[in-house]
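Visitor: Can you walk me through this one? I'd like to talk about how its parts meet.

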Protein chains: 2
Amino acid sequence: MSQRVCIIGCGSIGSLYAAHLARVAEVWAFVRRPEHARAIAEHGIRVSGKPGHEFVARPRATSDPAELPACHLGIVCTKATQTPEAVRPVARHFHEGAVVSAQNGLGCEEIIAEFTGARVIRATTFMSGTRHSDTHVTLDLDAPTWMGPFEPTATPFEMVERAARLIVNGGLKAEALRDARPTQWAKLIFNASVNSVSALTELPHCAAFAAEREFADLGHLLHALIDEGCGVARALGIELPEDVWEMNCIGARTDHPPSMLYDIRHRLPTEVDFLGGAIAREAARAGVSAPLHTALYRLIKGKEASWTWTPATKHSAAGPGGAGNAGE
Amino acid sequence: MSQRVCIIGCGSIGSLYAAHLARVAEVWAFVRRPEHARAIAEHGIRVSGKPGHEFVARPRATSDPAELPACHLGIVCTKATQTPEAVRPVARHFHEGAVVSAQNGLGCEEIIAEFTGARVIRATTFMSGTRHSDTHVTLDLDAPTWMGPFEPTATPFEMVERAARLIVNGGLKAEALRDARPTQWAKLIFNASVNSVSALTELPHCAAFAAEREFADLGHLLHALIDEGCGVARALGIELPEDVWEMNCIGARTDHPPSMLYDIRHRLPTEVDFLGGAIAREAARAGVSAPLHTALYRLIKGKEASWTWTPATKHSAAGPGGAGNAGE
């Protein structure tokens, strides 16, 4: 019980880690809203949904960085876009320890490393849950968290193993890998492709994403996005362990609404900078081209910009026109 | 006054042709809605907006094909997607004459030729207007209609010249060209690029479309779409007369909402099959690649499909999830 762990951000994934780890370690939930912290302190976190995952755990919780003691381990579970604001206030608490990014995409590790000065661990999980309230979460898919050293902080593999062991002891699945980039990239390519197409079409991950019969079928585009992403990974020397197209075909049977579709519908900033944007940037860095991920990245940034767009011109034509103009 | 002309579809462009030509020919407006025909028959069409274009004209009007006599010339002004339903009922009326497609994009000529058996004329216009009611239209931009033979119907050039002369006599600008494909393709590439990006981002044609400073800037995408379209034209042996990128930069100062943005906002079928879809198909036919136009075409078809999408699976995950699922 000597390990002290801080979970940064308690959405569904953060709540699942916080509750399970609180059974085997001193866990602090660091959350943004004071009422969220008070609710966890008062009621604990209730987990349900799977045999062996039906319990109430009692982590400590705070929204005040001054209340948080120094921790051996941090697990960042916020949306990728919220990483700087979530990590900055508690950055000095992990100076001697390790911090895991259990977030989507690519790029959070760099931010965490810069702010905390800690040893950083890449983590990728397909675990999924549904957050019903501040204090109740169901475990929907009990999939492992794959973890490995973030190379730039030279994180010792023993630190990764210790973190993975803690998660396993808490009752979840985890695996320490000497190189976690292949699993991270497989999920990155899957996520970037599916989320971008969903955000722009406003279709959930449905059968159309795997259809390749007609010329107009979206499956052709998904296939090309996945192939392009795998090409970028190869150019970076990363051999993918999974058939990402097959992952897409399985997901296309679920009608699941990807998180970026949720963001688009609610006009929230998307994670595209950490998904398709990350593939586009890494491609540029590796000197290979990724025209499709780059195009979709720019379209989604344009879509985000449309929510706050106002005419620059006084004599804007944004009146009754549109359908009335043959010019375009 | 011996020429008898039928304008098929009286939106803003059709109303402008009908009113101007009614001053020098027997003009019939063939429209879908009976009340539209009655309104024109009762009030005529009022044109305003420019010196020399302030008048009321009195074309005949009907929504009943049986009332329409045989015509020397037809001008189709409907949305490209409405071509079959608009032309089919009056197809036999142009057997001996010529039919102009003054519509957006590429592909309407083939449909008109098949249905009417007439000599078909390609037309491209940047003329624009605003339709205020069934009987009032303003001329916003008095730009020429470029016209040329549709090669598969071996339309004699004299027929094109006669049609252009009629439009000029009516008070609008027109020019007969031996090869109208370069102007048609310049507008096609412009329209396909601007409309697709606008439809997917829901931004009007604004400054962002010409911005090329940051990596995420949309101007890079517009530039790539335009270059790709020009490459397809070149592969088909078409030398473009205009600098399409420059056209985009000028348009980007207007904040004009393209017609496809109007369609997307109102969940109407877009003209994408005749714009980006046409470039993608022509590229495939010419054996060159057009990955960006093809990708955006598929996204827009997917977006149209989203309006009527329903879950295929009974145990659909389309519930509260989305933000709650780390899987994607």
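Guide: What follows is a short chat about the two domains and their interface. This is a predicted model, where local features need pLDDT of at least 70, side-chain atom pairs count only at pLDDT 80 or more, and totals for chains, interfaces and linings use all residues. Residues are numbered from 1 along each chain as its sequence is written, chains are lettered from A and ligands numbered from 1 in the order written, and side-chain values use heavy atoms, without hydrogens and water.

Visitor: Where are the domains in chain A?

Guide: Domain 1 of chain A is 4–176 and domain 2 is 181–306. The bounds come from an automatic or database domain assignment. Their C-alpha centres lie 26 Å apart.

Visitor: How many residues are in the contact?

Guide: Domain 1 of chain A gives 16 and domain 2 of chain A gives 19. Contact means heavy atoms within 4.5 Å.

Visitor: And how much area do they bury?

Guide: About 1500 Å², with 58% of it on carbon and sulfur atoms. That is accessible area (1.4 Å probe) lost on putting the two parts together, summed over both.

Visitor: Which residues of domain 1 lose the most?

Guide: A:Lys79, A:Asn104 and A:Leu106, together 39% of what that side buries.

Visitor: Switching to charges. How many salt bridges link the domains?

Guide: The count is 2. The rule wants a side-chain nitrogen of Lys or Arg within 4 Å of a carboxyl oxygen of Asp or Glu.

Visitor: What does A:Lys79 pair with?

Guide: A:Lys79 forms a salt bridge with A:Asp263, at 2.8 Å from N to O.
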